[in-house]
Amino acid sequence: MLLCCGGGFSSSYVVERMKKEIRENQLENEVFIEFSPFSLALDKMHDYDIVICCPHLYIYVKRLAQMQSLPIPFYILPPRMYGMMEIKEIYQDAKDIIHIFRKSGENPVHFPGEDNVLKITRKCAYSHEK
């Protein structure tokens, strides 16, 4: 997973905390996460299965997807999930989003009924909410 924010500063801190959670939950063989400023996402995306973006990047991801075909899913984290940043929840959403993308090929990828990220109030993975 590649986590992107505007400049990479907040995501760099969050990713370090998430790497610690990965080790604590013994998920090293299942999930790998790095951070990047969004401006470098196109250069780095080919090394990842998914690009996860902070909520404030929604309009930029949407424009990017309109301008070119993206070979992997770009997912905008719901605002409350971004605030919590629990690796198990984000990892679950990432797996589900990759599955949706394989069927639809559309970007940015979202769950049913969640096309407007600013209206999403859940703090956990979509599949855990239902």
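A search of the whole structure finds zero disulfides, a disulfide being defined here as a pair of cysteine sulfur atoms within 2.5 Å. In general terms, a disulfide is a covalent bond between the sulfur atoms of two cysteines. The structure is a predicted model, in which local features need pLDDT of at least 70 and side-chain atom pairs count only at pLDDT 80 or more, whereas totals for chains, interfaces and linings use all residues. Residues are numbered from 1 along each chain as its sequence is written, and side-chain values use heavy atoms, with hydrogens and water left out.

Why does C53 form no bond with the closest cysteine sulfur? The sulfur of C53 lies 4.9 Å from that closest sulfur, which belongs to C4, and this is too far for a bond. For C54, the closest cysteine sulfur is that of C5, at 4.8 Å, again too far for a bond. C53 is buried, with a relative accessible area of 0%, and C54 is likewise buried, at 0%; buried means under 20% relative accessible area, exposed means over 50%, and partly exposed covers what is in between (1.4 Å probe, protein chains only).

Turning to the overall fold, the protein has six helices and four strands, and from the N terminus on these elements run β-α-β-α-β-α-β-α-α-α. The radius of gyration is 13 Å, close to the 14 Å that the globule rule gives for 130 residues, so the protein is as compact as a globular protein of that length. That radius is taken over C-alpha atoms, and the rule is 2.2 Å times the number of residues to the power 0.38. Helices (H or I, at least four residues) and strands (E, at least two) are DSSP runs, numbered from the N terminus. Along its principal axes, the C-alpha trace spans about 40 × 35 × 25 Å.

Of the 130 residues, 49% count as buried. Among the contacts with a separation of 6 or more, 67% are accounted for by residues 24 or more positions apart, where contact means heavy atoms within 4.5 Å. The protein exposes about 7,300 Å², of which carbon and sulfur atoms supply 50%; accessible areas come from the Shrake-Rupley method with a 1.4 Å probe, and for residues only the protein chains shown count as cover.

The region around the end of helix α1 can be followed residue by residue. E21 is placed in helix α1 and is buried, with a relative accessible area of 15%. Not counting residues up to four places away in sequence, E21 touches M85, E86 and I87. N25 is in the loop between α1 and β2, is partly exposed at 30% relative accessible area, and touches I87 and K88, with residues up to four places away in sequence again left out. N25 and I87 are 62 residues apart in sequence, yet 9.1 Å apart in space, C-alpha to C-alpha.

Two points of the backbone remain. Most residues other than glycine have a negative phi, and most peptide bonds are trans. Q26, found in the loop between α1 (9-24) and β2 (34-37), has a phi near 55°, a positive value in a residue other than glycine, and Q26 counts as exposed at 66% relative accessibility. A cis peptide bond joins N107 and P108, with omega about -10°, and P108 lies in the loop between α5 (87-104) and α6 (126-129).
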